[in-house]
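Reader: I'd like to learn how to read a protein model feature by feature. Could you walk me through one?

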Amino acid sequence: QVQLVESGGGLVQAGGSLRLSCAASGSIFSINTMGWYRQAPGKQRELVATITRLRSTNYADSVKGRFTISRDDAKNMVYLQMNSLKPEDTAVYYCNADICRFISKCNDYWGQGTQVTVSS
């Protein structure tokens, strides 16, 4: 069994910062790409940022220069540092990871989501 648990969401004023964390636990052999997605009310889930095992990163244009994704493989964790937050960043943020329980036995996992609300 593998589980992803996010933390760090909350209410913040525009211009403020938040740091999201996501911990992977369970029977884990290795973790490939990890990422963050978000879903605002009435909108589809969208990619925010991803990071590969080699630390190659990819960001949505809307967050470039404001958000930073990082990971700690020793702790099986991924982080999202969010600065200069805007009201349009308000959404439920989901952690995602491609996790291998055994060699060549990999699946896509999602966390339960954490709410981020940015007030104007």
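Reader: Let's start with a turn. In the hairpin of strand 7 and strand 8, which residue takes a positive phi?

Author: Keep in mind that this is a predicted model. The residue is asparagine 76, with phi near 55°, and the hairpin has four residues between the strands.

Reader: And how do the two strands of that hairpin run, and how many bridges join them?

Author: Strand 7 and strand 8 (residues 77-82) run antiparallel, joined by six bridges. To read the register, look for who faces whom: phenylalanine 67 stands opposite methionine 82, and threonine 68 has glutamine 81 as its bridge partner.

Reader: Which side chains of strand 7 are buried and which are not?

Author: Go along the strand and check which face each side chain points to. In strand 7 (residues 67-72), Phe67, Ile69 and Arg71 share one face and are buried, whereas Thr68, Ser70 and Asp72 point to the other face and are not buried.

Reader: Zooming out, in what order do the strands of the sheet come?

Author: The order is 1-3-8-7, an open sheet of four strands with antiparallel pairing. Its edges are strand 1 (2-7) and strand 7, each of which pairs on one side only. From one strand to the next, the twist averages 15°.

Reader: Take serine 21 in strand 3. Is serine 21 buried or exposed?

Author: Compare its relative accessible area with the cut-off: buried means under 20%. Serine 21 has 13%, so it counts as buried. Setting aside neighbours within four places in sequence, its contacts include Val5, Glu6 and Ser7, as well as Trp36, Met77, Val78 and Tyr79.

Reader: On to covalent links. How many disulfides does the structure hold?

Author: There are two. Counting bonded cysteines along the chain, the pattern is 1-2, 3-4. One disulfide joins cysteine 22 and cysteine 95, with the sulfur atoms 2.1 Å apart. That pair links distant parts of the chain, 73 residues apart: cysteine 22 belongs to strand 3 (residues 18-26) and cysteine 95 to strand 9 (residues 91-102). Both cysteine 22 and cysteine 95 are buried.

Reader: What about handedness? Is the link of cysteine 22 and cysteine 95 left-handed or right-handed?

Author: Read the torsion about the S-S bond. For cysteine 22 and cysteine 95 the value is -85°, a left-handed link. The other disulfide, cysteine 100 with cysteine 106, has its sulfur atoms 1.9 Å apart. Its torsion is about 90°, so this one is right-handed. The two ends also read differently for burial: cysteine 100 is buried, with a relative accessible area of 4%, while cysteine 106 is partly exposed at 33%.

Reader: Now the rings. What describes a pair of aromatic rings?

Author: You need the distance of the centres and the angle of the planes. This structure holds one aromatic pair. Tyrosine 37 and tryptophan 110 are 5.0 Å apart centre to centre, with 65° between the planes, which makes the pair edge-to-face. Tyrosine 37 lies in strand 4 (residues 30-39) and tryptophan 110 in strand 10 (residues 105-110), so the pair ties together parts 73 residues apart in sequence.

Reader: Which residue lies over the face of tryptophan 110?

Author: Arginine 45 does, at 4.7 Å from the ring centre. Tryptophan 110 itself is partly exposed, with a relative accessible area of 34%. Elsewhere, the charged end of arginine 19 sits over the ring of tyrosine 79, 4.1 Å from its centre.

Key. Residues numbered from 1 in each chain as written. Predicted model: local features only at pLDDT ≥ 70, side-chain atom pairs only at ≥ 80, totals over all residues. Heavy atoms only, no water. Disulfide = S-S within 2.5 Å. Buried < 20%, exposed > 50% of the residue type's maximum accessible area, 1.4 Å probe, protein only. Phe/Tyr/Trp six-rings, centres within 6.5 Å; stacked < 30°, edge-to-face > 60°. Lys NZ or Arg CZ within 6 Å of the ring centre and 35° of its normal. Pairing = 2+ DSSP bridges. Contact = heavy atoms within 4.5 Å. Axes fitted to C-alpha atoms, helices over the stretch in contact; angles between N-to-C directions.
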